[in-house]
Amino acid sequence: RAIALHRANVTELGTTRDHYDCVLLMDILEHINDDSKLAAWVTGATKKGGLICVSVPSPRYRQVFGEEFHSEVGHVREGYNAAQLTALFPGLELVGLWYNTGLVSQFGCWIYYRYLRKFRLPIVGGLMLLACQVLFAWTDFPNDPKYSCSIFAIFRKSFATNSSDAS
């Protein structure tokens, strides 16, 4: 079966119900004022048995990436902890939740976002960030609530879920 990818402006969502097999919310929720409304829409738009994959910053994110970057990218909240994230998707099965960007890989992010990106050399800066992350990712630890900058979670919509309950 072919994979169809859709990209949409989340502020202009329609009333699609039970349509998507998988929805990716990669670094989106922290930019949305009414994140619970978006989560409810996504839940309703996901087919029964479908997945919702979410990546969000944790409250520690701001310490590593810096206040300037936090403001520039338009975050409207400090980040999420596991309880806050799972509360946005009530009635869904939590398939898995992982903490990412532990202390070791944060070092590369810290160097890039606080210093290298100011040189306005996107290719060089991007390559430096990639190099740091590749070098440090294999030793990235610890990844837990105390030290990590981001959370990745996968939720599954039950086959028994009534789509009208998710709005």
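Biologist: Which residue is the bridge partner of Leu97 in E4?
Modeller: In this predicted model, Leu97 has Ala153 as its bridge partner in E4, where strands are DSSP runs of E with at least two residues, helices are runs of H or I with at least four, and both are numbered from the N terminus. Strands E3 and E4 (residues 150-156) pair in the antiparallel sense over seven bridges, and two strands count as paired if DSSP finds at least two bridges between them.

Biologist: And what is the strand order in the open sheet?
Modeller: The four strands run E1-E2-E4-E3, with mixed pairing. Strand E1 (20-26) and strand E3 (93-100) each have a single partner strand, so one side of each is left without a neighbour in the sheet.

Biologist: Switching to Cys22, which residues does it touch?
Modeller: Leaving out residues up to four places away in sequence, Cys22 touches Leu51 and Cys53, contact being heavy atoms within 4.5 Å. Cys22 lies in strand E1.

Biologist: Is Cys22 buried or exposed?
Modeller: Cys22 is partly exposed, because its relative accessible area is 39%; buried means under 20%, exposed over 50% and partly exposed in between, with a 1.4 Å probe and protein chains only.

Biologist: Where is Trp110 found?
Modeller: Trp110 is in helix H5 (residues 103-114), and at 34% relative accessibility Trp110 counts as partly exposed.

Biologist: Any caveats?
Modeller: Residues are numbered from 1 along each chain as its sequence is written, and side-chain values use heavy atoms, without hydrogens or water. Local features need pLDDT of at least 70 and side-chain atom pairs count only at pLDDT 80 or more, whereas totals for chains, interfaces and linings use all residues.
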